[in-house]
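User: I have a model open and want the reasoning behind its labels. Can we take them one at a time?

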Amino acid sequence: MGRSVMVTGGNRGIGLAVATALAADGDRVAVTHRDSTPPDGLLGVRAEMTDPESIDTAFRQAEDAHGPVEVLVVNAGITRDKLLLRMDEQDFTDVVDVNLHGAFRTVRRAVRGMLRARWGRIVLISSMTYAYGAPGQVNYASAKAGMLGMARSLAWELGPRNITVNVVAPGLIDTAMSHGITADRRAHLLSITPLGRAGETADVAAAVRYLAGESGRFVTGAVLPVSGGLGLGG
Ligand code: NDP
């Protein structure tokens, strides 16, 4: 297929698995990273999701090397879990700034080329937390739920130009992020996951590959849970 792809936060975890899977299909893949060394075989471009200028620079570098971005995967995200009364303004704002506002900044930059090409694929990595909520995650769940409204509005705006916008909502996936939760919390999450186990980053990559690929061409504004059933019905 050989498309120009951008994956935010593609230096590790789920983003790296997505980037690697798409590169294995023959796509030209750029990944944003910050302080880390970019992964082998992928084009690393530095970007900070809270800084629109750095996002613009990263896109310019990727587009110089690979051509206008045709597939965007918005994956970079953070958690800062605290119960409501301990969660201060900064904890809320920072999480929304990276996860939701960062998605807005990145999509807004990416669609320029897609609109011109009258073709594009956008996948936002949300979380099943959007549906089931979680104590300590008022900031994160708000941001991840916001991504659904964003995707559905964008599906309307961009559909006429043959640009699809979908959401992947992972459940518990083994990465550095999920290793940060307590053993009790992990046990609870597994107890409400019908498949009774955590997923792998490759499971999320497979869903992104479908939505960004030819098979997913008639799917837009959808939310695809990759959660072992966690949050089903949400
Ligand atoms: P990791 O913590 O392993 O990776 C997070 C990625 O986001 C890193 O590449 C990190 O870059 C990047 N990032 C974080 N903050 C910023 C920022 N301000 N600017 C630029 N890049 C940033 O997380 P996962 O791989 O687990 O998660 C990936 C996505 O999947 C996230 O959106 C997460 O919310 C979502 N998700 C994960 C689940 C899980 O169980 N793991 C479950 C549900 C959703 P750096 O290396 O520089 O820090």
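Analyst: The answers below set values against cut-offs, and the model is a predicted one.

User: Why is Val-107 called buried?

Analyst: Buried means under 20% relative accessible area. Val-107 has 4% relative accessibility, so Val-107 counts as buried. Its place is in helix H3, residues 89-117.

User: Which residues does Val-107 touch, and what makes that a contact?

Analyst: Contact means heavy atoms within 4.5 Å. Not counting residues up to four places away in sequence, Val-107 touches Leu-72, Val-74, Ile-122, Leu-124 and Leu-154. Take Ile-122: 15 residues separate Val-107 and Ile-122 along the chain, and their C-alpha atoms are 7.8 Å apart.

User: What makes E5 and E6 a strand pair?

Analyst: A pair needs at least two bridges between the strands. Strand E5 (residues 120-125) and strand E6 (residues 163-170) have six bridges, so they pair. The two run parallel. Arg-121 stands opposite Thr-164 in E6.

User: What is the strand order in the sheet, and why are E3 and E7 called edges?

Analyst: The sheet is open, with seven strands in the order E3-E2-E1-E4-E5-E6-E7 and parallel pairing. Strand E3 (43-46) and strand E7 (223-226) each have a single partner strand, so one side of each lacks a neighbour in the sheet. From one strand to the next, the twist averages 20°.

User: Which helices lie across these strands, and at what angles?

Analyst: Helix H2 (residues 52-66) lies across strand E1 (4-7), strand E2 (28-33), E3 and strand E4 (71-74). H2 runs at about 155° to E3. Helix H5 (residues 138-158) lies across E4, E5, E6 and E7, at about 160° to E6. Angles run from 0 to 180 degrees between N-to-C directions.

User: How do you know that Arg-12, Glu-48 and Met-49 make polar contacts with the ligand?

Analyst: The cut-off is a pair of N or O atoms within 3.5 Å. A polar side-chain atom of Arg-12 is 2.7 Å from a ligand oxygen atom. For Glu-48, a polar side-chain atom lies 2.8 Å from a ligand nitrogen atom. Met-49 uses a polar backbone atom, 2.9 Å from a nitrogen atom of the ligand. Each distance falls within 3.5 Å, so each pair is a polar contact.

User: How much of the ligand does the protein bury?

Analyst: Taken alone, the ligand exposes 890 Å², and the protein buries 93% of that.

User: Which residues come nearest to the ligand?

Analyst: Asn-11, Arg-12, Asn-75, Tyr-140 and Thr-175 come nearest, out of 27 residues around the ligand.

Conventions
Residues are numbered from 1 along each chain as its sequence is written. This is a predicted model: local features need pLDDT of at least 70, side-chain atom pairs count only at pLDDT 80 or more; totals for chains, interfaces and linings use all residues. Side-chain values use heavy atoms; hydrogens and water are left out. Helices (H or I, at least four residues) and strands (E, at least two) are DSSP runs, numbered from the N terminus. A residue is near a molecule or strand if one of its heavy atoms lies within 4 Å of it. A polar contact is a pair of N or O atoms within 3.5 Å; within protein, one must be able to donate a hydrogen and the other to accept it, and residues adjacent in sequence count only if both atoms are side-chain atoms. Accessible areas come from the Shrake-Rupley method with a 1.4 Å probe; for residues, only the protein chains shown count as cover. Buried means under 20% relative accessible area, exposed over 50%, partly exposed in between (1.4 Å probe, protein chains only).
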